[in-house]
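Visitor: Please take me through one part of this model in detail, and then place it against the rest of the chain. I would like the contacts and the burial spelled out.

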Amino acid sequence: MLSHFKVVLVETSHPGNIGAVARAMKNMRLEQLRLVSPKYFPHADATARASGADDVLRTAVVFDSLADAIADCQIVLGASARDRTISWPNITARQTAEKWVGAVPEQNIALVFGRENSGLKNHELDLCHYLLRIPCNTEYSSLNLAAAVQVVCYELFVASGQEIVSNIGDLGQEPLATAAQMEAFYAHLQQTMADIGFLHPERSKSIMRRLRRIFNRTQLDTKELDILRGILRFSQNHNTIK
């Protein structure tokens with residue numbers, strides 16, 4: 001779904017950055033890397049930093065000029081953290097994803113990133129339709145090359161609707177404990193704390209209220225509740241034996 005996006009790096013000075021960019025691209029299912037007059041490529045540092053994204057490096061194409069690298073692209077976006085004297089239309093990474101992820105694959109879109117120390121020159125931005133922006137701390141807006149590519153590729157990946165595996169909200173196979181089960185647990189917990197001498201009558205209400213908040217936030221399932229009740233029973237029995 002993202003094959004019409006081309007990541008273009010202009011005069012990258014450190015080969016390790018090329019490898020890091022390849023890794024960032026593969027993380028987000030982008031494959032087409034274009035290099036404009038890299039200082040060193042191919043290079044062992046690029047391969048090492050790619051960390052398995054060798055296929056992205058292997059298919060990367062080297063060009064002598066930015067004009068050649070974007071010749072087949074209908075839309076060209078030049079990444080820049082700096083304001084320019086002559087204003088260009090600005091677009092954020094997220095807006096880029098929303099606007100062009102659903103475009104027809106035949107419409108090639110170039111994402112152009114400049115040199116590590118100085119970015120893109122004005123004559124290179126003249127070839128771009130938009131300034132590509134990554135909103136960040138206005139007092140320190142300089143991202144390293146791979147980080148900038150990673151952010152843009154992430155926005156494209158999310159907008160493409162590809163499956164994102166996450167364990168957030170995964171409550172497991174066991175059903176959540178009912179309100180009645182939780183009340184029985186709280187009664188058991190309060191009695192156990194009293195039995196072992198932890199709970200004092202004058203403090204019982206405030207302590208139990210705080211403990212309720214803790215356990216209510218975790219949304220215990222029935223298996224977890226059984227484990228906790230088992231611990232309480234063991235504590236009571238151990239205290240009785242003593």
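**A side-chain contact, then the strands and the pocket**

Guide: The side chains of Arg 229 and His 188 are joined by a polar contact of 2.6 Å. The model is predicted, and that distance should be read accordingly. Arg 229 belongs to helix H10, which covers residues 222–241. Leaving aside residues up to four places away in sequence, Arg 229 touches Ala 184, Phe 185 and His 188. Ala 184 is 45 residues from Arg 229 along the chain, and their C-alpha atoms are 9.5 Å apart. The relative accessibility of Arg 229 is 23%, so Arg 229 counts as partly exposed. The cut-off matters here, because buried means under 20%.

Asn 108 falls on the other side of that cut-off: its relative accessibility is 13%, so it counts as buried. Its place is the loop between helix H5 (93–100) and strand S6 (109–113). With residues up to four places away in sequence left out, Asn 108 touches His 4, Lys 6, Asp 72, Cys 73, Gln 74 and Ile 75. Ile 75 leads on to the strands, since strand S4 spans residues 75–79, and 5 of its 5 residues are buried.

In S4, which faces are covered? Both are: Ile 75, Leu 77 and Ala 79 are buried on one side, and Val 76 and Gly 78 are buried on the other. The split into two sets follows a general pattern, because side chains in a regular strand alternate between the two faces of the sheet.

S4 has two pairings to consider. With S6 it pairs in the parallel sense over 4 bridges, and the bridge partner of Ile 75 in S6 is Ile 109. Ile 75 therefore appears twice in this account, as a contact of Asn 108 and as the partner of Ile 109. With S7, S4 also pairs in the parallel sense, over 3 bridges. There, Ala 79 stands opposite Leu 132.

S7 also leads to the largest pocket. Strand S7 (130–133) and helix H7 (145–159) each supply at least two residues of the pocket's lining. The pocket holds about 560 Å³ of space. It is lined by 23 residues, and the closest to its centre are Ser 80, Ala 81, Ser 141, Ser 142 and Leu 143. By class, the lining has 10 nonpolar, 8 polar and 5 charged residues.

Some backbone details remain. Most residues other than glycine have a negative phi, and most peptide bonds are trans, which is why departures from either are worth listing. Glu 11 is not a glycine, yet its phi is positive, at about 50 degrees. Glu 11 sits in the loop between strand S1 (5–10) and helix H1 (15–27), and at 36% relative accessibility it counts as partly exposed. Ser 37, also not a glycine, has a positive phi of about 45 degrees. Its relative accessible area is 31%, so Ser 37 is partly exposed.

Ser 37 lies in the loop between S2 and H2. Pro 42 is found in the loop between strand S2 (33–36) and helix H2 (44–50). The peptide bond that joins Phe 41 and Pro 42 is cis, with omega about -5 degrees. That loop thus holds Ser 37 as well as Pro 42.

Methods. Residues are numbered from 1 along each chain as its sequence is written. This is a predicted model: local features need pLDDT of at least 70, side-chain atom pairs count only at pLDDT 80 or more; totals for chains, interfaces and linings use all residues. Side-chain values use heavy atoms; hydrogens and water are left out. Buried means under 20% relative accessible area, exposed over 50%, partly exposed in between (1.4 Å probe, protein chains only). Contact means heavy atoms within 4.5 Å. A polar contact is a pair of N or O atoms within 3.5 Å; within protein, one must be able to donate a hydrogen and the other to accept it, and residues adjacent in sequence count only if both atoms are side-chain atoms. On a 1 Å grid over the protein atoms alone, a cavity is a set of points where a 1.4 Å probe fits but cannot get out, and a pocket is an open set with protein on both sides within 12 Å along at least five of seven lines; lining residues have an atom within 4 Å of a point. Grid points are joined across faces, edges and corners, and a volume is the space filled by probe spheres set on the points. Ala, Val, Leu, Ile, Met, Phe, Trp, Tyr, Cys and Pro count as nonpolar, Asp, Glu, Lys and Arg as charged, and the others, Gly among them, as polar. Two strands pair if DSSP finds at least two bridges between them.
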